[in-house]
Amino acid sequence: MSSTGTMKAIYLFIDGVGLAPAASDNPVNPEVCPTLCRLIEKHGKPIDACLDVDGPPQSATGQATMFTGVNCSKVMGKHCEGFPGPALRKIVEDNNIFLQLKRREKKVKFADAYLVDEVEELESRRFKSVTTVMALTTPEVVATVNELFEDKAVMQDLTRESIQDRYPDIPTIIPRTAAEHLFSIARDADFTLFEFFQTDVAGHSMDYNRACAVLRTYDRFLAALVRLAEAAGITIVITADHGNIESISERGHTRNPIPFIVYGNKESFIRDRVESLIDVMPALLAAYDQL
């Protein structure tokens, strides 16, 4: 693929997926998720999620580091799990990839649908994820349930099955259709983020069959998205915040390296600059700045 010209990117944040040798408790294998494994092998590299801090890496500091370029685990003196507290929120609010791209006059979209009617409903929530804190710094990127009705947003479970009790009028879809919806969103933006956290949930369940089912669903989505993005010249970037599902016999997160995948325009330029979560945002901004 060409390494010059404009760049449109889809950033796939896949929660809780690390890299580990083949084993009976590792569902991240070519039989379960062939597309993901092929991308890891041909277009990916292992990067560090531990950030020179003891203990298993956690979501709040890992994601905040990924989206700000600040070693948030070092700043906090530990890995922080779950939802970010005031200090972490401040780091994300002051400097994140959505803000940085907006300052560069790039059009950004957070493709995950929030089950709210208005963005203001998110602001009143006591607990907010890192991605929600980031999205609220650029509210125009947020997708509400109305956009999900119009197929202009994607549910975090891809198929919408998890919301049928609350929204029976929103039909379920297959993973390929979710990929088509995300692709349509990405064609109208310079940078599109989609967060998938069912992998982390499955990892914590210690249920191998459940982990395989989640990975197969995601892989069908990914296979369709790769074909669409490749034909349109859209770059796909994939990474996690920490390991988990690759060692299903462990309930907690792992200190395993995580995959960093870039497929498309600026592939080597971006990938070669990333050795840990700290480098992800600077590498992406450098790619946009070079255009």
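Let's start inside strand β6. I258, F260 and V262 point one way from β6, while P259, I261 and Y263 point the other way. All of these residues are buried. One caveat before I go on: this is a predicted model.

So how enclosed is β6, which spans residues 258-263? The count is 6 of the 6 residues buried, so the strand is largely enclosed by the rest of the structure. The cut-off behind that word is under 20% relative accessible area.

Now the neighbours of β6. On one side there is β2. β2 and β6 run antiparallel, and 4 bridges join them. G44 has I261 in β6 as its bridge partner. Then there is β5. β5 and β6 are also joined by 4 bridges, and they run antiparallel. I238 stands opposite I261 in β6. Keep I261 in view on your screen. I261 is the bridge partner of G44, and I261 stands opposite I238.

Step back to the whole sheet. What is the strand order in this open sheet of 6 strands? Reading across, it goes β2-β6-β5-β1-β4-β3. The pairing is mixed. At the edges sit β2, residues 44-47, and β3, residues 108-110. Each of those two pairs on one side only. As for twist, neighbouring strands are turned by 15 degrees against each other on average, ignoring direction.

Next, a parallel pair. β1 covers residues 9-14 and β5 covers residues 235-239. They pair in the parallel sense over 5 bridges. Within that pair, Y11 stands opposite V237 in β5.

Against the sheet lies a helix. α2 packs on it and touches β1, β4 (191-196) and β5. The direction of α2 makes about 165 degrees with that of β1. Is α2 covered or open to the outside? It is mostly covered, with 10 of its 10 residues buried. Among them are S59, T61, Q63, M66 and F67. Right after α2 comes G69, with a positive phi near 80 degrees.

A second helix, α1, runs over residues 34-43. Its buried residues are T35, L36, C37, L39, I40 and H43. What covers them? The cover includes the strands β2, β5 and β6. It also includes the helices α11 (208-232) and α12 (267-271). That takes us back to β6, where this talk began.

On to the pocket, for those of you who dock things. The largest pocket has a volume of about 610 Å³. Its lining has 27 residues, and the closest to its centre are F83, S129, T132, E195 and F197. Which elements give two or more residues to that lining? They are α2 (59-68), α7 (130-136) and α10 (198-205). α7 gives the most, with 3 residues. By character, the lining divides into 11 nonpolar, 9 polar and 7 charged residues. Note α2 here: that helix packs on the sheet, and α2 also helps line the largest pocket.

Now some backbone oddities. Take D52. Its phi is positive, about 60 degrees, although D52 is not a glycine. D52 sits in the loop between β2 and α2. Is D52 buried or exposed? The relative accessible area is 68%, so D52 is exposed; the bar for that label is over 50%.

E105 is another non-glycine with a positive phi, near 65 degrees. Its place is the loop between α5 (97-103) and β3. At 73% relative accessibility, E105 counts as exposed.

Last residue: D94. D94 lies in helix α4, residues 86-94. Its relative accessibility is 44%, so D94 counts as partly exposed. Which residues does D94 touch, leaving out those up to four places away in sequence? They are L99 and R103. How far is D94 from I47? The two are 47 residues apart in sequence and 25 Å apart in space, C-alpha to C-alpha.

To recap. β6 has 6 of 6 residues buried. α2 has 10 of 10 buried. The largest pocket is about 610 Å³, and α7 gives the most to its lining. D52 and E105 carry the positive phi values I listed for residues other than glycine. Thanks, that's the tour.

How values were computed:
Residues are numbered from 1 along each chain as its sequence is written. This is a predicted model: local features need pLDDT of at least 70, side-chain atom pairs count only at pLDDT 80 or more; totals for chains, interfaces and linings use all residues. Side-chain values use heavy atoms; hydrogens and water are left out. On a 1 Å grid over the protein atoms alone, a cavity is a set of points where a 1.4 Å probe fits but cannot get out, and a pocket is an open set with protein on both sides within 12 Å along at least five of seven lines; lining residues have an atom within 4 Å of a point. Grid points are joined across faces, edges and corners, and a volume is the space filled by probe spheres set on the points. Ala, Val, Leu, Ile, Met, Phe, Trp, Tyr, Cys and Pro count as nonpolar, Asp, Glu, Lys and Arg as charged, and the others, Gly among them, as polar. Two strands pair if DSSP finds at least two bridges between them. Axes are lines fitted to C-alpha atoms, for helices over the stretch in contact, and angles run from 0 to 180 degrees between N-to-C directions. Contact means heavy atoms within 4.5 Å. Buried means under 20% relative accessible area, exposed over 50%, partly exposed in between (1.4 Å probe, protein chains only).
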